[in-house]
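Q: Please take a close look at one single part of this model and describe it for someone who has not met the structure before. Begin with the part itself, and then work outward to whatever surrounds it.

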Amino acid sequence: QVQIVESGGGSVQPGGSLTLSCVASGFIFSSYFMSWHRQALGKERELVAEISANGDWTNYGDAVKGRFTISRVNTENTVYLRMNTLKPEDTAVYYCKGRHWTGSLVDYWGQGTQVTVAS
């Protein structure tokens, strides 16, 4: 059974840092591009960051460039998102997604973890 489980969300003050984790099982993790997306209440889901199957290539949404870092440890089936200099507009549910490197239209999604940035 395919499972993607996010963790590490919570409440943090503006300017603070937080690290999210995504642990996958039920598929060959090292053959999948992984990515983080977020969705604020009432807003469309947007790409935050993505990383290639072997970790050699990364891409970031404009709103988080220079502040967030995506990484992965394939031996642990885990992808991370390090979030620095957090702003109130970063408040959202953060989701982890996997897509096979061949470009399959079938995506695997986690259930999400809430991040709240406020005083």
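A: Strand β11 (residues 113-117) has two faces, a covered one with Thr113, Val115 and Val117, and an uncovered one with Gln114 and Thr116. In a regular strand the side chains alternate between the two faces of the sheet. The structure is a predicted model, in which local features need pLDDT of at least 70 and side-chain atom pairs count only at pLDDT 80 or more, while totals for chains, interfaces and linings use all residues. Residues are numbered from 1 along each chain as its sequence is written, and side-chain values use heavy atoms, with hydrogens and water left out. Strands here are DSSP runs (E, at least two residues; helices would be H or I, at least four), numbered from the N terminus.

The partners of β11 come next, where two strands count as paired if DSSP finds at least two bridges between them. Strand β2 (residues 10-12) runs parallel to β11 and is joined to it by three bridges, with valine 12 standing opposite valine 117. Strand β9 also pairs with β11 over three bridges, but in the antiparallel sense, and here valine 93 faces glutamine 114 of β11.

From β11 the view widens to the interior. A nonpolar core is a set of buried Ala, Val, Leu, Ile, Met, Phe, Trp, Tyr and Cys residues joined through side-chain atoms within 4.5 Å, and buried means under 20% relative accessible area, with exposed over 50% and partly exposed in between (1.4 Å probe, protein chains only). The largest such core has 27 residues, of which Met34, Trp36, Val79, Leu81 and Tyr94 touch the most other members. Both β9 and β11 are among the elements that give two or more residues to this core, together with β3, β4, β5, β7 and β8 (78-83), and β3 provides the largest share, four residues. Tyrosine 94 shows how this core reaches back to β11: contact means heavy atoms within 4.5 Å, and, leaving aside neighbours within four places in sequence, the residues in contact with tyrosine 94 include Thr113 and Val115, as well as Trp36, Phe68 and Leu81.

The partner strand β9 also takes part in a disulfide, defined as a pair of cysteine sulfur atoms within 2.5 Å. By this rule there is one disulfide, and it joins cysteine 22 to cysteine 96 with an S to S distance of 2.1 Å. Because cysteine 22 lies in strand β3 (residues 18-25) and cysteine 96 in strand β9 (residues 92-100), the pair ties together parts that are 74 residues apart in sequence. The torsion about the S-S bond is about -80°, so the disulfide is left-handed. Cysteine 22 is buried at a relative accessible area of 0%, and cysteine 96 likewise counts as buried at 0%.

Through cysteine 22 the path leads on to β3, which belongs to an open sheet of four strands in the order β1-β3-β8-β7, with antiparallel pairing. The edge strands of that sheet are β1 (3-7) and β7 (68-73), each pairing on one side only. Five bridges join β1 to β3, and valine 5 stands opposite valine 23 of β3.

Trp36, one of the core residues named above, leads to a further pairing. Strand β4 (residues 32-39) and strand β5 (residues 46-51) run antiparallel and are joined by five bridges, with tryptophan 36 opposite alanine 49 in β5.
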